[in-house]
Amino acid sequence: MSKRTVELELATPGLDDRGQPVRVPLGVADAPDSTLPEPDLAGEHMLINLGPQHPATHGVLRLVVELDGETVVRVIPHLGYLHSGFEKLGEYRHYNQIIPLTDRTDYLSPMANNVGFALAAEKLMGIEITPRCTVLRVIACEMSRIISHMVWLGTTSIDLGAFTPFLWAFQERERIYNLQEMWTGARLTTSVTRVGGMMADIPDDFVTGLREFTQTFPRTLSEIDRVLTRNAVWVGRTQGVGALTAAEAINHSLSGPMLRASGVPYDVRKDKPYLDYETYDFDVVVGEHGDVYDRYLVRLEECSQSNRILQQALVRLPDGPVNVADPRVILPPKSRAMNDMEAMIYHFKQVMEGVKAPVGEAYVGIENPKGELGNYLVSDGTAKPVRWRIRPPSFINLSALSRMAEGHLLSDLIAINASVDIVMGEVDR
Amino acid sequence: MNPTVDALRATFGNAIGRGLESCGDTIVYVARESLLDAMTWLRDTPQQGYDYLVDVTAVEYRDRERPLELVYQLRSLPRGAELRVKVELDPRGDLTVDSIVPLWRGADWLERETFDMFGVTFRGHPDLRRILMWETYAEGYPLRKDFPLRGRFSRAEQVRQALAANPADMRERLRRGERGKLPHSE
Amino acid sequence: MKRVIETKAVSGQSPNYLLAKFQDLVDWAVNSSRANSLWPMPFGTACCAIEFMATAASRYDFARFGMERQAFSPRQADVLICAGRLPFKLAPVIRRIYDQMPQPKWVISMGACASTGGIFDNYAMVQGIDTIVPVDVYVPGCPPRPEGLLYGVLLLHKKIKGESLFDRVPRRAEQPLDERGLRLPPEQIDEISEPFGNSVHQFRSA
């Protein structure tokens, strides 16, 4: 593999004095040959393309694989096939208008993204949320963790040949989807938080429904465990595959189950607690070898820990308002907005102008099911952020793919790719 | 304020700009030329030990007079400390900075994305190509403030250029040295 | 009173009743076979793909509607279901996959982003896959519920059953891109990609 420093002509995009776009030259200035990462293979090795449309790439990921027979010599991932310009869009939207955008980045765990962004916006604006809202957000995050891990489990089993756990996992997801729909009206694109509170309080049947779920969910987990964990095929395909040491994992900036499976006991909920997570009783699941099998065990056990947190949260859910009592940030209730002049003015200002954040910047990282999801917001005093940066855990976890897959077989590459637990909406944003 | 800021100033002197706090996070400005040395010091000095790179990105402000800032978010896992290091660049000038990939492998794709979205070049990066847009993308650097939300070209032109960016022809075109050409140009 | 009715020979009309009935029978057989076993090519990109998977799972199960086998190779697929948003980088991919499908083929555009670009009216998103491939059924929603997707599939069944092998218009002909590299004239692409609605703040940054 040739590594070459690339000297690039810089483009200064903009409009020239006639208002026409300036010519944008990109790329290598005068290199005789291009800096393609994909070599021109003369004969021995084979280049194959696991193209963006592929059942086993978990989204639109393109992997160009250099093979020596069946062994992977090099993997070059190509991303960007789902780049939707979220961060650019965020600069044109009010803070509450960005919440529906956050659903669509990591669409497997939408509520966790909503919570992450709301926490960052609240840190920026210096808002403290109510106790009831805190517990509800913990419930939202843990529900999202369960559904995300269930998708991961289902799709990874399919990749490795086991179809039944997919159906079991998706059945559990349907039960959580019912609860999400009961609460927010949407199965998938929930937009459940607002800056300073939640979109709505939970309905009456929600607590009983969730309690029932937490009582029956461990049975499904133990069924999946019985089918997969000591299964010779599963163990044979996942043990020793794609291992990363702790030092490598830290150097690659991995996070979440990928980092913990390699033996680094870092969990944002324990080490940089948010939403009162330090008051909940749960364990951080840490693996040992950092291979695909350990990641599977870590995620499976995390599901039971999430279940535990949900049970505790349901017990301690306090009464009280769910939104902060600040009329400049939270829309007043319709009855007041229609009858009281002051409330109507607050409503008007929030809807037409948006809530202005003070000048400053804030970064909040939460423990997304995929890893550490960070939202970095920079404000210049207006209602729309100057910069909304999503620190994407899947993007960074995926960058370690080429390191993990070297030397393994092609079928192992599929297992390793599955174990990274990527969601392309977040990788590409 | 994180005590690292004072330690940095003691070691690097004038290369360290202002240090401030925003919403509880410590931010320190470092001069562009000393970035690699400062980052190496931050990672390798035992009392600092910032072994985990959280994020690399850039911020361009709406106010045209403010510089473009490169933002590096660092964390020390054993100490639990966080630090935000910023480098100021002139948005109308030379956007070149040293790459920190030799220190943290995680910076590889993060720097490629900053190049793709802002046009910042990282000296010493092993493979600086566009990562989110296609490699012969001609419209510019999307997250710059002078790049309009809906892009510079008309929708039909965007569709045409996108459909023409097939990987097979792209290899050939990149090999010939062709880089994103605007339509109606020579 | 005598009334004289004039008859005109209309070209293309079969004067023979038996021939017409035979054509109907053939059409019914062909269309039923095609509609009742549409093998989908799931071109799943984003959130709609998750709802697509939920539709394939046990609770909604579109195998009941004939989509038993999801054909991941376009060469073996009947209907391309574009589930999710389509950025410009993915545009040549969907065009190539569509071209690789053999006739008869149909396209379902699932979700708001595939139909019109959805909430992403920006530099990176194709404003509707109909600027790139011809679409038969649009399923709105963000994401559409599984029942919505099933309704779209049933609409496609209805459309297929209304086709005829003996049409004057050749329905099953390939429509490749023209010499400009586009499927529609550029003015039409610009027109259908125009933003609509009355939100004045959408493109204002501050």
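## Close-up views of a predicted three-chain model

**View 1. The surroundings of A:H252, a residue in the loop between α8 (246–251) and α9 (257–261) of chain A.** In this predicted model, A:H252 is buried, with a relative accessible area of 7%, a value that falls under the 20% cut-off for a buried residue. When residues up to four places away in sequence are not counted, A:H252 touches A:I396, A:S399, A:A400 and A:R403 of chain A, together with B:R105 and B:G106 of chain B. One of these residues, A:I396, is 144 residues apart from A:H252 along the chain, yet the C-alpha atoms of the two are separated by 7.5 Å.

**View 2. The surroundings of A:D421, placed in the loop between α16 (410–419) and α17 (424–428) of chain A.** With a relative accessible area of 3%, A:D421 is buried. Apart from neighbours within four places in sequence, A:D421 is in contact with A:S148, A:H149 and A:W152, and also with A:R299, A:K370 and A:S394. As background to this view, chain A contains 17 helices and eight strands, and buried residues make up 63% of its 429 residues. Of the contacts in chain A with a separation of 6 or more, 68% are accounted for by residues 24 or more positions apart.

**View 3. The contact of helix α5 (residues 164–184) of chain A with helix α2 (residues 47–56) of chain C.** Two packed helices are described by the angle between their axes and the distance between the axes. Here the axes come within 10 Å and cross at roughly 115 degrees, and α5(A) and α2(C) are therefore roughly perpendicular to each other. The crossing of α5(A) and α2(C) is left-handed. On the side of chain A, the residues that meet the partner helix are A:F166, A:F170, A:R173, A:E174 and A:Y177, while chain C contributes C:I50, C:E51, C:M53 and C:A54. The residues of this contact divide into six nonpolar, no polar and three charged. Chain C, to which α2(C) belongs, has six helices and four strands, and its elements run α-β-α-β-α-β-α-β-α-α from the N terminus on. Buried residues make up 46% of the 206 residues in chain C, and among its contacts between residues at least 6 apart in sequence, 76% join residues at least 24 apart.

**View 4. The buried residues of helix α2 (residues 35–44) of chain B.** Within this helix, B:L35, B:A38, B:M39, B:W41 and B:L42 are buried. These residues cover an arc of only 160 degrees around the axis, which puts them on the same side of α2(B). What covers the buried residues of α2(B) includes the helix α1 (4–12) and the strands β2 (25–30), β4 (68–76), β5 (81–89) and β6 (96–98), which belong to chain B.

**View 5. The surroundings of B:L149, placed in the loop between β7 (121–123) and α4 (155–163) of chain B.** At 4% relative accessibility, B:L149 counts as buried. Leaving aside neighbours within four places in sequence, B:L149 is in contact with A:K88, A:L89 and A:Y92 of chain A, and with C:D121, C:N122, C:Y123, C:Q202 and C:F203 of chain C. As for a position elsewhere in chain B, B:L149 and B:D51 are 98 residues apart in sequence and 37 Å apart in space, C-alpha to C-alpha.

Definitions and conventions:
Residues numbered from 1 in each chain as written. Chains lettered and ligands numbered in written order. Predicted model: local features only at pLDDT ≥ 70, side-chain atom pairs only at ≥ 80, totals over all residues. Heavy atoms only, no water. Axes fitted to C-alpha atoms, helices over the stretch in contact; angles between N-to-C directions. Helix = DSSP H or I, 4+ residues; strand = E, 2+ residues; numbered from the N terminus. Parallel < 35°, antiparallel > 145°, perpendicular 65-115°, else oblique. Left-handed = near helix turned anticlockwise from the far one by under 90°. Contact = heavy atoms within 4.5 Å. Nonpolar A, V, L, I, M, F, W, Y, C, P; charged D, E, K, R; others polar. Buried < 20%, exposed > 50% of the residue type's maximum accessible area, 1.4 Å probe, protein only. Arc of directions from axis to C-beta.
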